[in-house]
Amino acid sequence: MRRLALLVFLLVVFLLVLTALPAWTKAYDHPLVEQTFRLLPTGEAEVEEVRAFRFDGAFSWATITRTIRGQYGRYTLDYHSVWDVDTGQSYPFQVTREGDDVTLRWTYAARDATTRFLIRYRIGGAVQRYGDVAQFYWQAVEGDHAPIDRVRITILPPAPSLALFKVFVHSRAAPGSLELAPDGSRAVVTQRGIPETSFLEIRALLDPAIFPRARVQSGQTYESLLQDERRQAGRELRLRRLFLLGIGLAALVTLLLVVGYIWTYRRYGQEPPVAYDALYEREPPRPLPPAVVPAIMTQGKVNRNDLPR
């Protein structure tokens with residue numbers, strides 16, 4: 001009975017490992033995240049997001065969690081639909097809210113393939129309108145995600161913003177590119193190599209006159225928003241300098257250790273050279289008197305009885 005119980009136990013463990021093995025080998029990343037923000041005269045934003053998933057293994061659901069509390073107030077977030085870009089299939093989805101976090105969860109079926117999902121949603125209060133500036137400040141890519149190869153973000157104001165159109169990008173990734181249309185009708189941001197621990201924020205400063213139906217707020221001005229951007233840029237610059245300083249110190253310490261090792265080896269790790277080139281051993285190799293041979297042989301105290309030898 002004990003042997004039978006042991007056999008059953010091992011069989012159950014084997015089946016559990018066999019069942020869990022595919023889950024251990026599953027992985028995915030994002031070859032592309034493409035977002036289009038259509039800003040409305042009311043200050044809201046209609047968003048179309050194409051998020052590509054490159055699956056290695058079988059998957060059946062995905063989630064995206066965004067926060068609706070920002071530095072300049074709260075937003076509303078309403079998801080409309082989730083589609084398959086290539087087949088046009090609509091996927092069922094659920095939206096849950098916990099505190100300031102809104103989580104979108106949709107279900108599908110994919111295995112070892114690249115699938116592009118089209119997500120449509122609306123951001124309420126996306127634009128803050130002040131007396132001399134309007135601001136669109138949004139975390140386009142959340143901080144918790146799989147690695148992303150490329151992000152392309154398009155900002156479309158409700159009307160050409162010729163008087164003012166500036167865009168700033170915050171991300172812990174290599175510098176990307178920014179294209180501003182000469183007529184002020186759009187801005188396109190492209191970023192590559194977004195690590196899984198980095199978010200991507202967009203801040204656009206626009207002419208407040210193109211948002212006539214948005215409520216005018218107080219507390220900020222064009223100069224104060226630029227000053228905040230300068231503070232953030234200075235903080236990032238200090239972090240980068242500290243990072244480079246740390247790399248320099250680590251390289252210096254490593255170099256000192258290598259130099260110290262080489263010097264120690266050359267000073268203490270080798271036998272001293274002996275000037276001796278005789279063909280046969282007829283005499284001691286050093287010009288020393290024979291009486292010191294017992295000391296050399298024993299490497300210690302000399303025994304007087306060895307001296308006659």
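**Aromatic pairs and the nonpolar core**

Colleague: Are F53 and W106 buried or exposed?
Modeller: This is a predicted model, and burial here requires under 20% relative accessible area. By that cut-off F53 and W106 come out alike, for each of them is buried.

Colleague: How many aromatic pairs are there, and what is the geometry of the one that F53 and W106 form?
Modeller: Rings pair if their centres lie within 6.5 Å, and by this rule the count comes to 17 aromatic pairs. F53 and W106 form one with 6.1 Å centre to centre and 85° between the planes. Since planes over 60 degrees apart have their own class, the F53 and W106 pair is edge-to-face.

Colleague: How many residues apart in sequence are the parts that this pair ties together?
Modeller: F53 belongs to strand β3 (residues 45-56), whereas W106 belongs to strand β9 (residues 101-111). The pair therefore ties together parts whose separation in sequence is 53 residues.

Colleague: Which ring has the charged end of K26 over it?
Modeller: Ring pairs link a cluster that includes F53, W106 and F59. The charged end of K26 lies 4.7 Å from the centre of the ring it sits over, and that ring is the one of F59.

Colleague: Which strand gives the most to the largest nonpolar core?
Modeller: In soluble globular proteins, nonpolar side chains tend to be buried together. Here the largest nonpolar core has 56 residues, and W106 and F136 are among those with the most contacts inside it. With 6 residues, the strand that gives the most to this core is β12 (residues 134-141).

Conventions: Residues numbered from 1 in each chain as written. Predicted model: local features only at pLDDT ≥ 70, side-chain atom pairs only at ≥ 80, totals over all residues. Heavy atoms only, no water. Phe/Tyr/Trp six-rings, centres within 6.5 Å; stacked < 30°, edge-to-face > 60°. Helix = DSSP H or I, 4+ residues; strand = E, 2+ residues; numbered from the N terminus. Buried < 20%, exposed > 50% of the residue type's maximum accessible area, 1.4 Å probe, protein only. Lys NZ or Arg CZ within 6 Å of the ring centre and 35° of its normal. Core = buried A, V, L, I, M, F, W, Y, C linked by side-chain atoms within 4.5 Å.
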